[in-house]
Amino acid sequence: MKHVVSIEDLDNKRIMGLLKRAKQLVPVAEGKKKSKALDGKILATCFFEPSTRTRLSFESAMQRLGGTCIGFADPSATSHLKGETLLDAIRMVAGYSDVIVLRHPHEGSAKLASEVSEVPVINGGDGAGQHPTQTLLDLFTIKEEIGKLEGLNVGMLGDLRYGRTVHSLSQALDRFKAQFYFISPKTLGMPTHVTDELQNDWSTHKNLDEVLGKLDVLYVTRIQKERFPDIEDYKRVAGAYRINAEILQKAKPKMRILHPLPRVDEISTDVDGTKHAAYFRQAFNGVPVRMALLEQLMGKKK
Amino acid sequence: MSENLLRVQPIRNGTVIDHIKPGRGRKILEVLGLSGSGTTISLLMNVPSKKRNRKDIIKVEDRELSENETEKLALLSPNARVNIIRNYAVAEKKKIEIPKVISGTVRCPNDNCISNNERGSSTHFKLLDHKSLRIQCIYCGRKIDEDNIEFI
């Protein structure tokens with residue numbers, strides 16, 4: 001069984017294969033071409049916490065490939081509240097579907113679910129843990145925007161401590177020999193359990209200015225209000241890490257900005273019209289990338 | 001039998017845990033819940049040892065250690081030896097080994113880990129490093145050093 005629990009489950013060869021297939025599937029994702037690849041197959045979305053973007057892009061991907069979807073988007077509508085265990089829920093849903101996407105507030109849920117599920121489990125985010133399809137779509141976006149994945153100068157900006165997308169993406173890009181620049185307030189720096197594992201060079205910085213000119217990719221994350229006990233501290237820190245079109249004049253013309261969205265005001269809207277803004281295309285890319293994965297897990301062997 | 005072991009009377013039946021890392025004997029009694037078991041137990045601390053400078057020794061009468069207890073012991077003191085005593089003689093010598101996957105004996109320190117939140121679930125840890133006893137939760141990925149291991 002091919003569960004996809006962590007980006008570590010996918011080797012570079014499989015990642016490159018998925019990205020290549022995702023590219024071919026773009027016209028299908030856009031609705032310009034029709035596909036019946038997953039005709040008769042059922043995707044179950046089990047979302048024990050809300051995540052509109054992940055759920056809708058999985059459902060869109062499945063339906064574009066001719067499959068159908070069942071599921072729930074809110075655990076209050078399920079027997080979870082009556083005290084049903086995750087494993088009982090998974091065993092039940094596995095009987096109704098051909099693949100399960102699980103979103104859950106506790107780390108390790110997808111791994112546990114994969115131990116009992118009779119159909120493939122895809123981790124759609126488990127607490128502060130893994131979210132492998134987000135990492136895949138980030139990699140796809142970088143490859144499409146820059147033209148390659150190998151040996152890039154990658155800046156990561158904002159909340160690097162709690163932002164799980166930047167943890168997984170660092171692990172993945174490290175395999176492609178990236179050089180990292182971690183830009184954040186001291187209290188929200190990249191955790192050592194991530195940096196300890198990196199094989200390639202990395203450095204930490206307080207200001208974007210110090211490194212902006214070197215970057216091929218700038219990955220921005222939202223600094224969350226709830227991380228700061230004092231609202232004034234939050235405003236000061238968040239203000240210092242805000243990006244606008246003027247700041248970006250120092251960037252390489254080909255530098256691209258990614259953001260997992262939703263953004264609040266860490267990227268000013270005047271950046272949206274510049275050639276640097278890749279975040280809306282990145283959000284769309286969730287569809288072809290998830291299509292490629294679903295097809296690989298359930299499609300006919302060629 | 002060496003002079004050291006004679007400080008406490010030989011036991012007729014039971015288990016002698018020898019070559020315990022000095023100072024770890026009390027922790028072992030606590031983790032294995034031996035003190036509350038009602039059997040006679042002797043704990044010797046900082047006994048001079050030929051192999052290493054000092055060691056602790058535990059003698060438990062009329063009781064043999066289970067697999068699960070031996071596994072916990074392995075994590076607490078990897079070099080300990082377990083001798084099963086029957087009728088005053090060593091009937092069995094066990095060299096304890098840390099398994100590659102440690103199941104059901106250690107609690108994950110991450111409160112948000114599914115292993116702490118799913119009713120009826122067990123815990124599983126991978127042994128990352130034999131020497132430093134670093135282990136990793138197979139669910140949430142949290143890594144734990146020897147000194148922070150919390151037993152169930």
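These questions and answers concern a predicted model.

Visitor: What radius of gyration does chain A have, and what would a compact globule have?
Guide: Chain A has 302 residues, and a compact globule with that number would have a radius of gyration near 19 Å. The C-alpha atoms of chain A fill a box of roughly 55 × 45 × 35 Å along the principal axes. The radius of chain A agrees with the globule value: 19 Å.

Visitor: How many helices and strands does chain A have?
Guide: Buried residues make up 47% of the 302 residues in chain A. As for its secondary structure, the chain has nine helices and nine strands.

Visitor: Which residues does a cis peptide bond join in chain A?
Guide: Most peptide bonds are trans. In chain A, one with omega of about 0° is cis, and its proline lies in the loop between β9 (256-258) and α9 (279-298). The bond joins Leu261(A) and Pro262(A).

Visitor: Is Asn46(B) exposed or buried?
Guide: Asn46(B) is in strand β2 (residues 41-48) of chain B, and its phi is near 55°, a positive value in a residue other than glycine. A residue counts as exposed if 12 or fewer other C-beta atoms lie within 10 Å of its own. Asn46(B) has 12 such atoms, so the residue is exposed.

Visitor: Which residues does Val31(B) touch, leaving out those up to four places away in sequence?
Guide: Val31(B) lies in helix α1 (residues 25-32) of chain B and counts as partly exposed, because it has 19 C-beta neighbours inside 10 Å. Its C-alpha is 8.7 Å from that of Leu73(B), although the two are 42 residues apart in sequence. The residues that Val31(B) touches are Lys72(B), Leu76(B) and Phe151(B).

Definitions and conventions
Residues numbered from 1 in each chain as written. Chains lettered and ligands numbered in written order. Predicted model: local features only at pLDDT ≥ 70, side-chain atom pairs only at ≥ 80, totals over all residues. Helix = DSSP H or I, 4+ residues; strand = E, 2+ residues; numbered from the N terminus. Buried ≥ 20, exposed ≤ 12 C-beta atoms within 10 Å, placed from the backbone. Contact = placed C-beta atoms within 7 Å. Rg over C-alpha atoms; globule rule 2.2 N^0.38 Å.
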